[in-house]
Amino acid sequence: MHAMMLRQLRTPLTWTELPDPVPGDREIRVRVLACGVCRTDLHVVDGELPHPRLPIVPGHEIIGRVESLGLGVTGLSIGQRVGIPWLGHTCGHCPYCRGGQENLCDEPVFTGYQRHGGYATAALADARFAFPLGESGSDVELAPLLCAGLIGWRALRMAGDARRLGLYGFGAAAHVIAQVARWQGRDVYAFTRANDAASQAFARSLGARWAGDSDAAPPEPLDAAILFAPVGALVPKALAAVRKGGRVVCAGIHMSPIPSFDYALLWEERSILSVANLTRQDGVEFLDLAPRVGIHTHTRTYPLREANQALEDLRAGRFDGAAVLVP
Ligand SMILES: [Zn+2]
Ligand SMILES: [Zn+2]
């Protein structure tokens with residue numbers, strides 16, 4: 001197998017040949033069909049997340065086909081198409097796992113961070129954390145659903161029944177969640193980098209009622225806002241944009257420092273919360289919902305060997321929607 005591997009933080013990934021890994025107990029090996037590029041991958045490469053395993057193969061939006069089964073795998077068979085997400089393993093016995101919050105597990109293992117991910121031609125996964133996908137939808141189009149979609153879905157649920165919903169940072173996750181929110185009958189307000197007319201037009205094309213700069217005030221107060229951009233300075237801006245009792249949901253795994261702000265912005269029962277990881281139940285729910293919504297992901301594909309280019313284009317905001325690597 002081949003992989004694009006991160007050997008040292010803040011250095012380019014390198015094309016590496018490896019022996020095909022042998023699945024251990026309850027593991028599967030998949031042939032990778034496509035793997036989405038997530039902003040979290042940039043945080044891993046940039047050393048913004050603590051304790052990555054190195055060297056590591058990034059990538060946690062994996063669409064693959066099962067080609068080998070370890071002992072004790074149930075419910076999956078050779079040839080089946082599956083999705084492999086960020087949540088790669090949980091302990092199963094900590095208070096969070098036992099309390100239905102496995103996304104907060106005390107000893108989690110994350111794909112493309114602590115175990116090798118999908119920037120590769122093959123990957124191992126704990127079979128219990130892989131989602132059977134069926135055969136409808138193309139590999140490339142499905143890949144961004146595995147994180148941008150899943151985490152976005154969890155964030156949307158956290159936003160409650162907000163009718164006027166702000167989305168800060170109109171990248172892979174927002175472009176999926178805007179479609180779900182519209183389908184649910186919500187009004188979407190899209191906030192982008194200043195003067196990013198292309199992203200604002202993209203948001204309007206997906207049904208956003210309003211699109212503008214993240215510094216701008218929305219035309220009406222919002223019921224809730226979701227922050228997908230990893231920019232702490234947006235937290236007080238989003239608080240200022242929500243009504244009394246409104247919520248600001250921070251959906252990223254990493255964010256630059258949040259500047260201090262007047263209590264008046266939080267006063268009147270506004271709240272700030274964060275979304276961490278996903279549960280398998282989120283995945284089951286969202287992957288069941290996605291075809292009913294008719295989500296159409298906008299993708300730019302790159303050959304696996306060009307993973308570094310894909311990461312740089314993501315960093316620079318050079319495409320709308322999501323980047324997907326194809327072996
Ligand atoms: Zn646990
Ligand atoms: Zn991700």
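For the classification of pocket linings used below, Ala, Val, Leu, Ile, Met, Phe, Trp, Tyr, Cys and Pro count as nonpolar, Asp, Glu, Lys and Arg as charged, and the others, Gly among them, as polar. The structure described here is a predicted model, and the pockets are treated before the metal site, the aromatic pairs and the backbone.

On that scheme, the lining of the second largest pocket comprises 10 nonpolar, 6 polar and 1 charged residues. The pocket encloses about 320 Å³ of space, and 17 residues line it, those nearest its centre being S136, L142, L287, A290 and P291. Two or more lining residues come from each of β9 (131-132), α3 (139-142) and α8 (280-293), and the greatest contribution is that of α8, which supplies 5 residues.

The largest pocket holds about 810 Å³ of space, and R39, G171, A172, F228 and A229 are the closest to its centre among the 45 residues of its lining. At least two lining residues are supplied by each of the helices α1 (39-45), α4 (148-158), α5 (172-183) and α9 (307-316), and likewise by each of the strands β11 (187-192) and β17 (322-326). Two of the residues closest to the centre, R39 and A172, are also the residues at which α1 and α5, respectively, begin. When the lining of the largest pocket is divided by class, 24 residues are nonpolar, 14 are polar and 7 are charged.

The zinc ion (ligand 1) is coordinated through the SG atoms of C91, C94, C97 and C105, at distances of 2.3 to 2.4 Å. Along the chain these donors follow the spacing C-x2-C-x2-C-x7-C. The angles among the 4 donor atoms run from 104 to 120°, and the site is tetrahedral; this assignment follows because four donors count as tetrahedral if all angles lie between 85 and 135 degrees. For reference, the ideal angle for four tetrahedral donors at a metal is 109.5 degrees. Two of the coordinating residues can be placed with respect to the protein surface, where a residue counts as buried under 20% relative accessible area: C94 is buried, at 5% relative accessibility, and C97 is likewise buried, with a relative accessible area of 16%.

Aromatic contacts amount to 7 pairs in the structure. In one of them, the rings of W86 and F110 have centres 4.7 Å apart and planes at 10°, so the pair is stacked. Because W86 lies in the loop between β5 (81-84) and β6 (87-89), whereas F110 belongs to strand β7 (residues 109-110), this pair ties together parts that are 24 residues apart in sequence. Both partners are buried, W86 at 3% relative accessibility and F110 at 8%. A further pair, formed by F170 and F202, is edge-to-face, with 5.9 Å from centre to centre and 80° between the planes. Here F170 is located in the loop between β10 (164-168) and α5, and F202 in helix α6 (residues 197-205), so the parts tied together by the pair are 32 residues apart in sequence. The relative accessible area is 8% for F170, which is therefore buried, and 9% for F202, which is buried as well. In addition to the individual contacts, W86, F110 and Y113 are linked by ring pairs into a cluster.

Several features of the backbone were also identified. The peptide bond from L54 to P55 is cis, with omega near -5°, and P55 is situated in the loop between α1 and β4 (62-69). N195, although not a glycine, has a positive phi of about 60°, and N277, also a residue other than glycine, has a positive phi near 60°. Each of these asparagines occupies a loop, N195 the one between β11 and α6 and N277 the one between β15 (271-274) and α8. In accessibility, however, the two fall into opposite classes: N195 is exposed, with a relative accessible area of 67%, whereas N277 is buried, with a relative accessible area of 14%. The loop that holds N277 thus adjoins α8, the helix that gives the most residues to the lining of the second largest pocket.

Conventions: Residues are numbered from 1 along each chain as its sequence is written. Chains are lettered from A and ligands numbered from 1 in the order in which they are written. This is a predicted model: local features need pLDDT of at least 70, side-chain atom pairs count only at pLDDT 80 or more; totals for chains, interfaces and linings use all residues. Side-chain values use heavy atoms; hydrogens and water are left out. Donors are N, O and S atoms within 2.8 Å of the metal (3.2 Å for Na, K and Ca); water is not among the atoms, so sites may look incomplete. Four donors count as tetrahedral if all angles lie between 85 and 135 degrees; four count as square planar and six as octahedral if opposite donors are over 155 degrees apart and all others between 65 and 115; anything else is irregular. Buried means under 20% relative accessible area, exposed over 50%, partly exposed in between (1.4 Å probe, protein chains only). On a 1 Å grid over the protein atoms alone, a cavity is a set of points where a 1.4 Å probe fits but cannot get out, and a pocket is an open set with protein on both sides within 12 Å along at least five of seven lines; lining residues have an atom within 4 Å of a point. Grid points are joined across faces, edges and corners, and a volume is the space filled by probe spheres set on the points. Helices (H or I, at least four residues) and strands (E, at least two) are DSSP runs, numbered from the N terminus. Rings of Phe, Tyr and Trp (its six-membered ring) pair if their centres lie within 6.5 Å; planes under 30 degrees apart count as stacked, over 60 as edge-to-face and the rest as tilted.
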